[in-house]
Amino acid sequence: MSERMFRVIIGLWIVVGLYIPSMDVIYALVVVLLFEGLTNFRVPAMISRLRYGADTLVNDPNACGNCFSFEAERALRFIIAVFIFASTLPIAEVIWWFPWFIGFALMGAGLSGICPIVLSLRWVGFK
């Protein structure tokens, strides 16, 4: 499984969780994303290891000279989890549309292969 396909799945998970008004589905997504962000055990990498038998993602520490030691995909997961969780709080009734936007934006980023958040995080200095 690639990161692109995982973005589509996350976007669908958000949209379906919002369509059926079940906050348990949204909170489960937030927990999964925070777990992936904290531990760097990403679902696409684990599925690739199970499918192909080897680690297809090579982490070279010298690949980026002026980068933070934190990957852009991990930061993306943190950003999504924080924004989704913040938009489910009762005080955030004004931004009811924001999780819908995030869900559809992630589906579009997965289908097109261009994620503006990851591109900007890499421009800032993340790996």
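A residue counts as partly exposed when its relative accessible area falls between the buried limit of under 20% and the exposed limit of over 50%. With a relative accessible area of 40%, F85 is therefore partly exposed. Keep that idea in mind as you look around this predicted model. The tour below visits two helices, some aromatic rings, two residues and the empty spaces.

**Helix α1**

- The 17 residues of α1 should span 24 Å at 1.5 Å a residue, and the end C-alpha atoms of α1 are indeed 24 Å apart.
- Buried residues of α1 include E3, F6, R7, V8 and I10. Further along α1, G11, I14, V15, G17 and L18 are buried too.
- These buried residues have plenty of partners: they pack against α2, α3, α4, α5 and α6.

**Helix α2**

- Helix α2 runs over residues 23–39, and its 17 residues reach 24 Å from the first C-alpha to the last, close to the 24 Å expected at 1.5 Å a residue.
- Which residues of α2 are buried? They are I26, L29, V30, L33, E36 and G37.
- Why do those buried residues line one face of α2? Looking down the axis of α2, you would find them within an arc of 130 degrees, so they line one face of the helix.
- A general rule helps here: an α-helix has 3.6 residues a turn, so residues three or four places apart point the same way.
- Turn to the face of α2 that points away from the buried side, and you meet the exposed residues D24, V31 and L38.
- The buried residues of α2 pack against α1 (3–19), α3 (43–52) and α4 (72–87).
- Just after α2 comes N40, which takes a positive phi of about 65 degrees.

**Aromatic rings**

- There are six aromatic pairs in the structure.
- In one of these pairs, the rings of Y27 and F85 have centres 6.2 Å apart and planes at 55 degrees, so the pair is tilted.
- Y27 sits in helix α2 and F85 in helix α4, so this pair ties together parts that are 58 residues apart in sequence.
- Like F85, which is partly exposed, Y27 is partly exposed, with a relative accessible area of 33%.
- Another pair is W100 with F104: the ring centres are 6.4 Å apart and the planes are at 25 degrees, so this pair is stacked.
- W100 and F104 are four residues apart in helix α5 (residues 98–112), which separates them by about one helical turn.
- W100 is partly exposed at 25% relative accessibility, and F104 is partly exposed at 47%.
- Ring pairs also link F83, W97, F98 and F101 into a cluster.

**Two residues to find: F35 and R77**

- F35 is part of helix α2 and is partly exposed, at 46% relative accessibility.
- Leaving aside residues up to four places away in sequence, F35 touches N40 and F41.
- F35 and F78 are 43 residues apart in sequence, and their C-alpha atoms are 9.3 Å apart in space.
- Is R77 buried or exposed? This residue of helix α4 is buried, at 2% relative accessibility.
- R77 touches E3, F6, L33, E36, R42 and P44, again not counting residues up to four places away in sequence.
- Among these contacts, E3 and F6 are buried residues of α1, while L33 and E36 are buried residues of α2.

**Empty spaces**

- Rolling a probe the size of a water molecule over the atoms shows where empty space is left.
- How many cavities of 30 Å³ or more are there? The count comes to one.
- The largest cavity has a volume of about 40 Å³.
- Its lining is made of E3, F6, R7, I10, E73, L76, R77, I80 and L106, with α1 and α4 each supplying at least two residues.
- The second largest pocket holds about 170 Å³ of space.
- Residues lining this second largest pocket include I79, I80, F83, F98, F101 and I102, along with A105, L106, A109, C115, P116 and I117.
- The elements giving two or more residues to that lining are α4, α5 and α6 (116–124), and α5 provides the largest share, six residues.

Technical notes:
Residues numbered from 1 in each chain as written. Predicted model: local features only at pLDDT ≥ 70, side-chain atom pairs only at ≥ 80, totals over all residues. Heavy atoms only, no water. Expected span 1.5 Å × (residues − 1). Buried < 20%, exposed > 50% of the residue type's maximum accessible area, 1.4 Å probe, protein only. Arc of directions from axis to C-beta. Contact = heavy atoms within 4.5 Å. Phe/Tyr/Trp six-rings, centres within 6.5 Å; stacked < 30°, edge-to-face > 60°. 1 Å grid on protein atoms, 1.4 Å probe; cavity = no way out; pocket = protein on both sides within 12 Å on 5 of 7 lines; lining within 4 Å. Points joined across faces, edges and corners; volume = space filled by probe spheres on them.
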